[in-house]
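Welcome to this short briefing on a protein chain. Take a moment to look over the sequence and the 3D view before reading on.

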Amino acid sequence: MLEPTVSGGFQHSLFVPIHITAVGSVQNNEGEWDTRFHEWRTREGRTRALRSDSAASLILRDLPSTPVLTSTSVRRIHDVSAQAASTALEELCSAGILRRSRRQRIVLYQCDDVLDLVASPWPNVASPAHGSTHA
């Protein structure tokens, strides 16, 4: 059973299995993203292999650490042109890896696979079956 500590966190022994589960989930997602993107490119008739230094490859590689992006952030992080950033983001949306949303006048691209892990890193910890983790 999970027990909160006096400081409001959880006992240290819980971090290791949860961390391993989250890392494993991200690694599984990375393989799925590569497969999904390759399959999308094939359906689009693109036969050339994706270059490892392409904007799309760079974005895919860094998705676990940057799950929410804008065209500007891709340009800055990966030092690519505005056109390369926009094209890669749109391609990753078309492949179902990213989701486009709008916040006022800013277009955001987010990877829900990663954000879902962040939103619930400890499944069932706060469920009624395990008791509330809130004071």
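What percentage of the 135 residues of the chain count as buried? The figure is 31% of the 135 residues. Keep in mind as you read that this is a predicted model.

**The overall layout**

- The chain has 5 helices and 3 strands.
- Starting at the N terminus, you meet these elements in the order α-α-β-α-α-β-β-α.
- Among contacts in the chain with a separation of 6 or more, 50% are between residues 24 or more positions apart.

**The nonpolar core**

- As a general background, nonpolar side chains tend to be buried together in soluble globular proteins.
- Here, the largest nonpolar core holds 23 residues.
- The members that touch the most other members are Phe37, Ile59, Leu63, Ile97 and Leu98.
- Helix H1 (15-43), helix H2 (55-62) and helix H4 (82-94) are the elements that give two or more residues to this core.
- Ile97 is a good residue to click on: leaving aside neighbours within four places in sequence, Ile97 is in contact with Trp33, Arg36, Phe37, Leu60, Leu63, Leu92, Gln110 and Cys111.

**How the helices pack**

- Two packed helices are described by the angle between their axes and the distance between the axes.
- For H2 and H4, the axes come within 8 Å and cross at roughly 60 degrees.
- H2 and H4 are therefore oblique to each other, and H2 passes H4 in a right-handed crossing.
- On the H2 side, this contact is made by Ala55, Ala56, Ile59 and Leu60, while H4 brings Ala84, Ala88, Leu89 and Leu92.
- Helix H3 (residues 71-78) also packs with H4, at an angle of about 120 degrees and with the axes 9 Å apart.
- The crossing of H3 and H4 is right-handed, with Ser71, Val74 and Arg75 of H3 meeting Ala82, Ala85, Ser86 and Leu89 of H4.

**Two arginines in helix H1**

- Is arginine 41 buried or exposed? Arginine 41 counts as buried because its relative accessibility is 11%, which is under the 20% cut-off.
- Arginine 41 lies in helix H1, and a polar atom of its side chain lies 2.7 Å from the backbone oxygen of arginine 48.
- Not counting residues up to four places away in sequence, arginine 41 touches Arg46, Arg48, Ala49 and Leu50.
- Arginine 41 and glutamate 91 are 50 residues apart along the chain, and their C-alpha atoms are separated by 8.7 Å.
- Arginine 36 has its place in helix H1 too, and with a relative accessible area of 24% it is partly exposed.
- Which residues does arginine 36 touch, not counting those up to four places away in sequence? They are Ala95, Gly96, Ile97 and Asp113.
- One of these partners, alanine 95, is 59 residues from arginine 36 in sequence, and the two are 6.4 Å apart in space, C-alpha to C-alpha.

**An aspartate in helix H2**

- Aspartate 62 is found in helix H2.
- At 17% relative accessibility, aspartate 62 counts as buried.
- The side chain of aspartate 62 makes a polar contact with the side chain of arginine 61, at 3.2 Å.
- Aspartate 62 also touches Ile77 and His78, when residues up to four places away in sequence are not counted.

**Two loop residues with positive phi**

- Most residues other than glycine have a negative phi, and most peptide bonds are trans.
- Aspartate 79 has a positive phi, near 55 degrees, and is a residue other than glycine.
- Where is aspartate 79 found? Look in the loop between H3 and H4.
- Aspartate 79 counts as exposed, because its relative accessibility is 70% and the cut-off for exposed is over 50%.
- Glutamine 104 is not a glycine either, yet it has a positive phi of about 55 degrees.
- You can find glutamine 104 in the loop between strand S2 (99-103) and strand S3 (106-110).
- With 78% relative accessibility, glutamine 104 counts as exposed.

Note on methods. Residues numbered from 1 in each chain as written. Predicted model: local features only at pLDDT ≥ 70, side-chain atom pairs only at ≥ 80, totals over all residues. Heavy atoms only, no water. Core = buried A, V, L, I, M, F, W, Y, C linked by side-chain atoms within 4.5 Å. Buried < 20%, exposed > 50% of the residue type's maximum accessible area, 1.4 Å probe, protein only. Helix = DSSP H or I, 4+ residues; strand = E, 2+ residues; numbered from the N terminus. Contact = heavy atoms within 4.5 Å. Polar contact = N/O pair within 3.5 Å; in protein donor to acceptor, adjacent residues only side chain to side chain. Axes fitted to C-alpha atoms, helices over the stretch in contact; angles between N-to-C directions. Parallel < 35°, antiparallel > 145°, perpendicular 65-115°, else oblique. Left-handed = near helix turned anticlockwise from the far one by under 90°.
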